[in-house]
Amino acid sequence: MTRRTAIAGAETYFDDGGFQSDLAALVAFETESQNSAQAAELSRYLTEAMVPRLHAMGFETVQHANAVAGAGPILVAQRHEGAALPTVLTYGHGDVTHGQAGQWRDGLHPFELTEDGARLYGRGTADNKGQHLITIAALEAVLRTRGALGFNCCFVVETGEETGSPGLAALFAAQKDALKADVLIASDGPRLQPETPTMFMGARGCLDFDLLVDLREGAHHSGNWGGLLADPAMILAQALSVITDARGQIRVPEWRPNSLSEEIRAALRDLPVCEGAGPAVDEDWGEADLSPAERVFGWNSFAVLAMQSGIPEAPVNAISDKARAHCQLRYVVGTDTEEILPALRRHLDAHGFAQVQIRASAAGAFSPTRLSPTHPWAQFVARSIEETTGKAPHVLPNLAGSLPNDIFVDHLGLPTIWVPHSYRGCCQHAPDEHVLKPLCREALGLMAGVFWDIGAGDAPDAERR
């Protein structure tokens, strides 16, 4: 009954083909939450793939219908070992984004696991089926070795993360007492580098919105009306130019956060950004006096995701009647979520763009969260990962992207630790999504180590309820 035995058991599960076989079975569920025709598949994933395995581990399960009409169910599984023991909440999502069948390279299908060298291809391999399968298998390895976890565990599996986690906050509010825990330890998102474990303790917030200039009914001939009718695309372009300067530095005062402390700067100082994955960083873009890591993890970023005026695919000689830009703000702790759009309204009005309409996205917003790298749970998990792998993990106060971490923080009051098992080049949300086999094997061992260490009785108790 040793730590090394539990870790070896998790690694053997990979070496003997169990992980690959089980992942193939999960990928085969076509759980596209953005596709209403697959609603029954979401429930089937929980009932057929999750519940039997969790029952075999001694968890009691309840599948909750979603409070939001049309949204997928949410599974809550609990294993209670003792009132004096710490409780770990963990999480995964069984839904995936659109499969995009027909857009994958030859020989690949989104809902069939395909091995090619060090890669396992399939929709959900990286986001998030492979990641919560690693959590399950690591817990199983500890149970086999110790006969118990040594802590209480609550496992939440939702089926709507790819549509903004509808109903999750309502469930947490209604089940707050039942979901009491000491910490969230879960897996989603990418490592900064595939060969080095990563931890992040929060996420940037995200708000999408449209800017619209709608001047008249219909387009009018550019020869007859050019110079007489205002051009909505030009007005919109000018309006966008006052939101940032020419290098993308934010000019809306309320969008410039005040939370890039020396502690956060120190945590970000030596972190790699996009090294070996994706395009090279544009050094002359973004906040001039910040490092690349500070720009993406410690600051806000504004982006125009799409723009349209006229008929781009078939331009005609006409002055357009309207122009639209779909915009996004990614923002960190220190930005007032409720003030984002009112501040933009004031800013545009002050620069003479009262005719530019602002329309919030129906999807709502993720709120930003962040936990200090010096928090006892963060330090505990980092030490455990380093002991298992021999590598100090990259530690992020928050992820650059967005996920529903705010629900765990705001509704359950938990410190949150995410240990991702994907990497930046995984093609998440795109054709050819995949995971790396060596990364998955290492992840199984390090998660078994983390869970073993929590059950060994040395876990932080400052947050104990």
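The following legends describe close-up views of a predicted model.

**Figure 1. Packing of helix α1 against helix α13.**
Helix α1 spans residues 3-15 and helix α13 spans residues 437-458; the two pack at an angle of about 150°, with their axes 8 Å apart. Because angles over 145 degrees count as roughly antiparallel, α1 is roughly antiparallel to α13. The crossing of these helices is right-handed. On the α1 side, the contact is formed by Arg3, Ala6, Ile7, Ala10, Glu11, Tyr13, Phe14 and Asp15. These residues meet Lys437, Cys440, Arg441, Leu444, Gly445, Ala448, Gly449, Trp452 and Asp453 of α13. Classified by residue type, the contact of α1 with α13 contains nine nonpolar, two polar and six charged residues.

**Figure 2. Packing of helix α11 against helix α13.**
The angle between α11 and α13 is about 125°, and their axes are 9 Å apart. This geometry makes α11 oblique to α13, and the crossing is right-handed. Helix α11 contributes Trp377, Phe380, Val381, Ser384, Ile385, Glu387, Thr388 and Thr389 to the contact. From α13, the contact takes in Glu442, Gly445, Leu446, Gly449, Val450, Asp453, Ile454 and Asp458. Seven nonpolar, five polar and four charged residues make up the contact of α11 with α13.

**Figure 3. Aromatic pairs and a ring cluster.**
The whole structure holds 13 aromatic pairs. One of them joins Phe29 and Tyr45 in an edge-to-face arrangement, 5.4 Å centre to centre and with 90° between the planes. This pair links distant parts of the chain, since Phe29 lies in the loop between α2 (18-27) and α3 (39-56) while Tyr45 belongs to helix α3, 16 residues apart. Phe29 is buried, with a relative accessible area of 9%, and Tyr45 is likewise buried, at 0%. Trp377 and Phe380 form an aromatic pair that is also edge-to-face, at 5.6 Å centre to centre and 75° between the planes. These two residues are separated by about one helical turn, because they stand three residues apart in helix α11 (residues 376-389). Both Trp377 and Phe380 are buried, and both take part in the contact of α11 with α13. Elsewhere, ring pairs connect Tyr91, Phe172, Phe200, Phe408 and Trp418 into a cluster.

**Figure 4. A cis peptide bond between Asp127 and Asn128.**
Most peptide bonds are trans. The bond from Asp127 to Asn128 is cis, with omega near 10°. Asn128 is located in the loop between β5 (119-121) and α4 (129-146).

**Figure 5. Two residues with positive phi in the loop between β18 and β19.**
Most residues other than glycine have a negative phi. Cys427, although not a glycine, has a positive phi of about 65°. Cys427 lies in the loop between β18 (422-423) and β19 (434-436). Asp432 is found in the loop between β18 and β19 as well, and its phi is also positive, near 70°. Cys427 counts as partly exposed, at 30% relative accessibility. Asp432, by contrast, counts as buried at 18% relative accessibility, because buried means under 20% relative accessible area.

**Figure 6. Surroundings of Val435 in strand β19.**
Val435 is placed in strand β19 and counts as buried, at 2% relative accessibility. Leaving out residues up to four places away in sequence, Val435 touches Leu23, Ala118, Arg119, Leu120, Thr125, Ala126 and Cys440. Among these, Cys440 is also one of the α13 residues that meet α1. Val435 and Arg53 are 382 residues apart in sequence, and their C-alpha atoms are 22 Å apart in space.

**Figure 7. Surroundings of Ser259 in the loop between α7 and α8.**
Ser259 lies in the loop between α7 (232-241) and α8 (262-268). Ser259 is buried, with a relative accessible area of 15%. Apart from neighbours within four places in sequence, Ser259 is in contact with Ile264, Val332, Val333, Gly334 and Arg370.

Terms used: Residues numbered from 1 in each chain as written. Predicted model: local features only at pLDDT ≥ 70, side-chain atom pairs only at ≥ 80, totals over all residues. Heavy atoms only, no water. Helix = DSSP H or I, 4+ residues; strand = E, 2+ residues; numbered from the N terminus. Buried < 20%, exposed > 50% of the residue type's maximum accessible area, 1.4 Å probe, protein only. Axes fitted to C-alpha atoms, helices over the stretch in contact; angles between N-to-C directions. Parallel < 35°, antiparallel > 145°, perpendicular 65-115°, else oblique. Left-handed = near helix turned anticlockwise from the far one by under 90°. Contact = heavy atoms within 4.5 Å. Nonpolar A, V, L, I, M, F, W, Y, C, P; charged D, E, K, R; others polar. Phe/Tyr/Trp six-rings, centres within 6.5 Å; stacked < 30°, edge-to-face > 60°.
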